[in-house]
Amino acid sequence: MNIQITNVSMRYVDGQIDSVQVHFNGQNEERTINLNGYIPLTAEQYKAMKRQVY
């Protein structure tokens with residue numbers, strides 16, 4: 001399954017990140033299965049994920 005992040009949308013309140021939506025799409029190698037969606041994250045979840053990646 002090949003999955004790509006296509007967009008990261010951040011919602012701000014008083015200049016601080018309040019929530020994040022990570023949008024993605026994907027398909028299997030035969031392209032018989034397609035999927036798309038988003039993962040809602042709190043600001044805390046996003047910051048924790050960001051620390052793990054960097």
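Let me begin with the surface: the chain exposes about 4,500 Å², and carbon and sulfur atoms supply 47% of that area, where accessible areas come from the Shrake-Rupley method with a 1.4 Å probe and, for residues, only the protein chains shown count as cover. I should say at once that this is a predicted model, in which local features need pLDDT of at least 70, side-chain atom pairs count only at pLDDT 80 or more, and totals for chains, interfaces and linings use all residues. Residues are numbered from 1 along each chain as its sequence is written, and side-chain values use heavy atoms, with hydrogens and water left out.

Now to the fold. Along the sequence the chain reads β-β-β-α, that is, three strands and one helix, with helices (H or I, at least four residues) and strands (E, at least two) being DSSP runs numbered from the N terminus. The radius of gyration is 14 Å, well over the 10 Å that the globule rule gives for 54 residues, so the chain is more spread out than a compact globule; the radius is taken over C-alpha atoms, and the rule is 2.2 Å times the number of residues to the power 0.38. The C-alpha trace spans about 45 × 20 × 10 Å along its principal axes.

Buried residues make up 15% of the 54, buried meaning under 20% relative accessible area, exposed over 50%, and partly exposed in between (1.4 Å probe, protein chains only).

Finally, the loops. D14, between β1 (2–13) and β2 (16–27), has a positive phi near 55° without being a glycine, and D14 is exposed at 77% relative accessibility. R31, in the loop between β2 and β3 (34–42), is likewise not a glycine and has a positive phi of about 60°, and R31 is exposed at 61%.
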